[in-house]
Amino acid sequence: MAYEVKNARLVAWVDEIAGLCQPEAVHWCDGSREEYDRLMAQMVDSGMAEPLQQRRHSHLFRSDPSDVARVEARTYISTTSQDDAGPTNNWVAPDELKKTMLALYDGCMKGRTLYVIPFSMGPIGSPMAKIGVELTDSPYVVCNMHIMTRVGADVVAELGPDGEFVPCLHSIGAPLEPGVADVKWPCAPMEQKYISHFPEENLIWSYGSGYGGNALLGKKCFALRIASAMAHREGWMAEHMLILRLISPEGKRYHIAAAFPSACGKTNLAMIQPTLPGWRAETLGDDIAWMKIGPDGRLYAINPEAGFFGVAPGTSYGSNPVAMDTVRENVIFTNCALTDEGDIWWEGMGVPAPRHAIDWKGRDWTPDRGEPAAHPNARFTAPAQQCPSISPDWEAPQGVPIDIFVFGGRRAGMVPLVTEAFDWDHGVFLGATASSETTAANIGAVGNLRRDPFAMQPFCGYNMADYFGHWLAMGDRLGPNAPRIFYVNWFRKSPEGKWLWPGYGENSRVLKWMCARIEGKVGAERTPIGLLPRVGDLDLSGLQLAPENLVELLRVDSAMWQAEVPDIERHFSQFGDRLPPRMAAQVDQLAARLRESQPVAQA
Ligand code: GTP
Ligand code: SPV
Ligand code: MN
C-alpha cells in the first residue's frame, strides 16, 4: 500500500467485504499512472483490452453484448418505506434486497483481485466535494475511475481517521474457478444484475454489470442518486446537468447549467464552439452538477467528475471538434469499431467507413453488413483536463455562479426550439413535465416517448414529487438570485425525417437569445406554453435556414398542446398527495391559457 489508512471504518469495511466476496488478493489503489499502466498491461495480456496503434496511451474494450448500457429495470432505490422511493423508482425493502444481494456477493470475487478505490467527487478539499470508496473486482472499472474521478493517497489523507465516505460495493458477478479460463468481459446474467441504492445509509451495492453508470459508481449511483437524496436533506442540489461558461463579444460571462436526458446533447453543448462571431465558450462539466447557495445568495455549481464518459457515435469534427480533440490520447474506448490501421471508428465520425473493420462484437465487419460497426452506446472515457475548451476555473473549489438553467429533450414534433419560463414555478413545471424519446444509453426500447422530469427520471434517489418540492424550495430561498429557466429542443424533424434545426455550434444562437433576455435587450412573444422568440429575435446572421423551418421551430400548436394536458395530469397523478400543490396549479394555469389562447401579446 502506497499510503497509510487511518480510517477505522474504511479498514473494517474492506475486511468485511473481503471476507464476504473472498477475492484472491486485495489491492489498495493509489491512482498513479504506473498503476493504470500496469492494470492496462494485464488487460492487454488477457485479451480484454486492445492497445490502439494510432492513439497514444489509448485502449479499446468490447463488452459482452448483454452488458452495453445502464439497466434501469434492474436499478433500485431501497428505502424503508416505498413511498420515500416514490412511483418512478424500482423498490425492494432494504432487508430483502440485502438478503438477495448478500447471497450473490458470497464468494463472488473468487479468483479475482478486490481493488479498493478511494475517490473524491469534486476537487479534493473543495467545500462541495465528497469522498467515496469503491470496492470492485474489475480492473476496467479501476482505470475508468482513474479518469472519471480523483483517486489516491490525497483522498485517503483528506478522509483522515474519522472522515465520512460513501461505501460503493461493485462486483461484475463472475467468480473465476481454478483452472477455468476467463472470458473477455465477465458479467452476470440480466436477472442477477442489481444496481442498488440505500439512501438512508448513503450506501451503494452494484452487482453483475461492468458497464458505465452501472459500474463506475461515482457517477450516476453516487453523484446523482445518493447525492440527490443528500442534497434534499441538506438543502443543495445534485443534477444531471452540464456546466458551461458562455462569453459574449463584450467579455460578459454567463454560466449555464443544462439538463437533457441521456444521449440528448449534454456533452455536445458543454463543448460548444459558438458559430456567432465574438462569442466563446468554456467547458466546466458535461454530465453532473452539484450546486449550493453561496454567501452572496447566488447558486454555485461544481462538476464532481474529472473526466468525460461520452457517447462516441455521432461525434465528428463537424459536430463536436472539441470532443474529437479531447479523445486523441489517454482514452479508454468501449464498444467502438477497430480499423485495420489500429484506430477506432464509429458511425457519424465524419470520415468514410473503413472498407474493413472489427466491429464492437469482435467480428469482421464491412460496410455492406447492414449493422452498425460501433454500438449506439459506444463510449469514450477521457480526462477533462485535456479538453481544449476546458475552463481555467473548472476545478475552482467554490464553483461558478449559475445564471441560466436549461431543460430539454429529444422531441421530433410539437416542442419548439426554445421557450422561456414565465417565472420560477413555471420553470419547475417545465422541468417536471420534460419529455424525451428514449435512447441507447439504457438497455430497452429506443425512440419511445416518455416523461423524464429534469432528465432525472433514472437518477433521482428519492420520491420525485419531493424532488419537485425541493426545486420549489430552492427557488424560494434564491428569490431574485434564482437562475432564469428555459426549455429547448434541438431535435425537431420534418415529416421527411430531416432535422429542422442545424444544432451543435448553431445552438449558440439560442443561447445568445437567453443571455439577451436576461439583460432585457430582446423581446419575446407570450404564448400559452411560455415566452418564445419572435422570428426577428434570434440572431440568425450567416445561417442558411429555410424560413418555413424557422416558422415551424417557433410554432405553438395550441390544439396539440391541449391534447398534452391530460397526459401531464396522468403523469402528475402518479404522485398522489405528495405532488406539491404549486405543480398542480401549473397544470390548471396551462390548461386555462390554452383555452383562452390569446395570440401575440408583447412581453
Ligand atoms: P449522456 O452521456 O448519455 O448523458 O449523453 P449526453 O446528454 O451528453 O449526449 P451527447 O452530447 O453525447 O449527444 C448524444 C447524441 O446526440 C450524439 O449522437 C450527438 O451527436 C447528438 N446531438 C447532440 N447535440 C445535438 C444537436 O444539437 N443536434 C442534433 N441533431 N444532434 C445532437
Ligand atoms: C447517461 O446514461 O446519462 C450517461 C452514461 O451519462 S452512464 O454513465 O452509463 O450512465
Ligand atoms: Mn448522463
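These legends introduce several close-up views of a predicted model.

**View 1. The chain is divided into three parts by its domain assignment: domain 1, domain 2 and domain 3.** Welcome to the overall layout. Domain 1 is made of residues 8-30 and 62-234, while domain 2 takes in 239-303 and 394-602. Domain 3 covers 308-386. From domain 1 to domain 2, the C-alpha centres are 32 Å apart. Their contact draws 36 residues from domain 1 and 34 residues from domain 2.

**View 2. Here domain 1 meets domain 2, with about 3,000 Å² buried between them.** The size of an interface is often given as the accessible area lost when the parts come together. For this pair of domains, 56% of the buried area is on carbon and sulfur atoms. The interface also has 18 residue pairs in polar contact. On the side of domain 1 that touches domain 2, α3 (82-85) and α8 (218-234) each supply at least two residues. Which helix gives the largest share of that side? It is α8, with 11 residues. By type, the residues on this side of domain 1 are 19 nonpolar, 8 polar and 9 charged.

**View 3. Salt bridges cross the interface of domain 1 and domain 2, and 6 of them are found there.** A good pair to look for is D287 and K219, whose side chains form a salt bridge with N and O 3.1 Å apart. Both residues also belong to a network of salt bridges, in which they are linked with K220, K266 and E305.

**View 4. R450 and E72 join distant parts of the chain through a salt bridge.** The structure holds 42 salt bridges, and in this one the closest N and O atoms are 2.9 Å apart. R450 sits in strand β28, whereas E72 is found in the loop between β3 (59-61) and β4 (75-77). Along the sequence, the two residues are 378 residues apart. R450 counts as partly exposed because its relative accessibility is 25%. E72, with a relative accessible area of 17%, is buried.

**View 5. The next residue of strand β28, R451, has a salt bridge to D567.** The N to O distance here is 2.8 Å. D567 lies in helix α15 (residues 558-573), so this pair ties the helix to strand β28 across 116 residues of sequence. Is R451 buried or exposed? R451 is buried, at 13% relative accessible area. Its partner D567 is partly exposed, at 29%.

**View 6. D325 and R328 form a salt bridge.** Their closest N and O atoms are 2.8 Å apart. D325 has a relative accessibility of 28%, so it counts as partly exposed.

**View 7. Two alanines, A263 and A455, have a positive phi.** For A263, phi is near 60°. You can find A263 in the loop between β13 (253-259) and α9 (266-270), where it is partly exposed with a relative accessible area of 25%. A455 has phi near 55° and lies in the loop between β28 (449-451) and α12 (464-478). With a relative accessibility of 2%, A455 is buried.

**View 8. K521 is an exposed residue in a loop.** Look for K521 between α13 (508-519) and β30 (525-527). Why does K521 count as exposed? Its relative accessibility is 65%, and the cut-off for exposed is over 50%. From K521 to N202, the C-alpha distance is 46 Å, with their positions 319 residues apart in sequence.

How values were computed:
Residues numbered from 1 in each chain as written. Chains lettered and ligands numbered in written order. Predicted model: local features only at pLDDT ≥ 70, side-chain atom pairs only at ≥ 80, totals over all residues. Heavy atoms only, no water. Helix = DSSP H or I, 4+ residues; strand = E, 2+ residues; numbered from the N terminus. Buried < 20%, exposed > 50% of the residue type's maximum accessible area, 1.4 Å probe, protein only. Domains from an automatic or database assignment. Contact = heavy atoms within 4.5 Å. Buried area = accessible area lost by both parts, 1.4 Å probe. Salt bridge = Lys/Arg side-chain N within 4 Å of Asp/Glu carboxyl O. Polar contact = N/O pair within 3.5 Å; in protein donor to acceptor, adjacent residues only side chain to side chain. Nonpolar A, V, L, I, M, F, W, Y, C, P; charged D, E, K, R; others polar.
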